[in-house]
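Here is a friendly tour of a structure for you to follow on screen. Please keep the sequence and the 3D view open as you read.

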Amino acid sequence: MKDVAKREENRRSLVPASRVLEDSGKVQVRLEMPGVSREDLEIRVEGSELTVVGKRQDAETHGTWLLRERRRGDFHKTFSVDTSIDLDKIDAELTNGILTLTLPMKEAAKPRRVEIRSA
Amino acid sequence: MAIIKWKRASYPEATNELDSLNALERFQDDWDRIFGWSRFPEASGLFDRSVSPSIDVVETEQDVTLWADIPGLEKKDLELSLAANVLTLKGEKKAPAKGEKDKNQVYRDETWAGSFHRSLSLPDSVDPDQVTAEFRDGVLRVVVAKKAELKPRQIPVVVR
């Protein structure tokens, strides 16, 4: 029993599979975190670091394992965010185990086309 | 946006010599580190690339429970069937919308998309008529009860 308790303290941290794309002035980050509910999710911004922690409730089982492929542990991921991102306007949405973060770029950082006047 | 390397939060100490599963995972960690994969997500490294859902199956005296990690899937994209004791899980994990064409740039993509199909043989004692399935937060949970006559029964002993 002691071993079990110890293992609980040393929960593995998993890194969620991510997909990062930039699209029309926004950076969209998708993180796959199956088994994480809204209440177990924490998103923090500290300085220029964006940290996502998703705690997973492992089902209690007392039976015999016939197959064991799923990884156990909590999700952790830290991004360092560029200064062109507006950290106050980050939007987060969790659907079916996928967290989608939308990070809008600051107006000044958006690419702008300069019109040339004809003389 | 720069993405920094993930820092190892904790490295589990060996808790039990006989815990071969843990030992294997530690070996994978070491191996990945040698080759500089540095335990990036589930989707990198020699052992972690997944192209079908990970599944757990646990058998108890009363039932058999299955869990499958299928993030991003919707109920309608999932098909589950049970014939005798063979459980089949079919579905399609759709790639996320690409956004406006030509205007987006994908910096990194570790996710997989595509269709999957897995069949599992469950113990013979399961009852195909007693199945419940729920899908929550990207995890599918299926419980198949065992046939009543095959459940172990307590036989009371009367002391006279």
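Where in chain A does T61(A) lie? The residue T61(A) sits in the loop between β5 (49–54) and β6 (64–68) of chain A. Please keep in mind throughout that this is a predicted model.

## A loop residue that meets chain B

Is T61(A) buried, partly exposed or exposed? With a relative accessible area of 27%, T61(A) is partly exposed, because the buried class is reserved for values under 20% and the exposed class for values over 50%. If you set aside the neighbours within four places in sequence, T61(A) is in contact with V58(B) and W67(B).

## Strands of chain A

Now to a set of paired strands in chain A. Strand β3 (residues 26–32) of chain A is mostly covered, with five of its seven residues buried. On one side of the pairing list is strand β2 (residues 17–23) of chain A, which runs antiparallel to β3(A) and is joined to it by seven bridges. These two strands, β2(A) and β3(A), form a hairpin with two residues between them. In that turn, S24(A) has a positive phi of about 35°.

β3(A) also pairs with strand β9 (residues 98–104) of chain A, again in the antiparallel sense and over seven bridges. R30(A) is a handy residue for following both pairings: R30(A) is the bridge partner of R19(A), and R30(A) stands opposite T100(A) in β9(A).

## An aspartate among arginines

D56(B) is found in strand β1 (residues 54–59) of chain B. Its relative accessibility is 0%, so D56(B) counts as buried. Two polar approaches from chain A are worth displaying. A polar atom of the D56(B) side chain lies 3.1 Å from the backbone nitrogen of R70(A), and the D56(B) side chain makes a polar contact of 2.7 Å with the side chain of R72(A).

What surrounds D56(B), leaving aside its neighbours within four places in sequence? From chain A, the contacts of D56(B) are W65(A), L67(A), R68(A), E69(A), R70(A) and R72(A). From chain B, they are T65(B), L66(B) and W67(B). D56(B) is also part of a network of salt bridges that links it with R56(A), R70(A), R72(A) and D69(B).

## Salt bridges

Side chains of opposite charge can pair when their charged atoms come close. How many salt bridges does the structure hold over all chains? There are 14 over all chains. One of them joins the side chains of E69(A) and R118(B), at 2.8 Å from N to O. That pair crosses between chains, from E69(A) in the loop between β6 and β7 (74–80) of chain A to R118(B) in strand β6 (residues 114–121) of chain B. E69(A) is partly exposed, with a relative accessible area of 29%, whereas R118(B) counts as buried at 19%.

Within chain B, the side chains of E59(B) and K146(B) meet in a salt bridge of 2.6 Å, N to O. E59(B) belongs to strand β1 of chain B and K146(B) to strand β8 (residues 139–146) of chain B, so this pair ties together parts that are 87 residues apart in sequence. Both ends are covered: E59(B) counts as buried at 18% relative accessibility, and K146(B) is buried with a relative accessible area of 10%. For contrast, look at K76(B) and E74(B), whose side chains meet in a salt bridge of 3.8 Å, N to O. Here K76(B) counts as exposed at 65% and E74(B) as partly exposed at 41%.

## Strands of chain B

Why is strand β2 (residues 63–69) of chain B described as largely enclosed by the rest of the structure? Six of its seven residues are buried, so the description fits. Six bridges join β2(B) to β1(B) in an antiparallel pairing, with V57(B) opposite L66(B). A hairpin through three residues connects β1(B) to β2(B).

β2(B) is joined to β8(B) as well, by seven bridges and again antiparallel. In this pairing, A68(B) stands opposite L140(B).

## A nonpolar surface patch

Finally, turn to helix α1 (residues 20–34) of chain B, where F27(B) lies. F27(B) is partly exposed, with a relative accessible area of 41%. Together, L24(B), F27(B) and W31(B) make a nonpolar surface patch of about 280 Å².

How values were computed
Residues are numbered from 1 along each chain as its sequence is written. Chains are lettered from A and ligands numbered from 1 in the order in which they are written. This is a predicted model: local features need pLDDT of at least 70, side-chain atom pairs count only at pLDDT 80 or more; totals for chains, interfaces and linings use all residues. Side-chain values use heavy atoms; hydrogens and water are left out. Helices (H or I, at least four residues) and strands (E, at least two) are DSSP runs, numbered from the N terminus. Buried means under 20% relative accessible area, exposed over 50%, partly exposed in between (1.4 Å probe, protein chains only). Contact means heavy atoms within 4.5 Å. Patches are made of residues with over 30% relative accessible area and no salt bridge: like charges are joined within 9 Å, nonpolar side chains (Val, Leu, Ile, Met, Phe, Trp, Tyr) within 5 Å. Accessible areas come from the Shrake-Rupley method with a 1.4 Å probe; for residues, only the protein chains shown count as cover. A salt bridge is a side-chain nitrogen of Lys or Arg within 4 Å of a carboxyl oxygen of Asp or Glu. Two strands pair if DSSP finds at least two bridges between them. A polar contact is a pair of N or O atoms within 3.5 Å; within protein, one must be able to donate a hydrogen and the other to accept it, and residues adjacent in sequence count only if both atoms are side-chain atoms.
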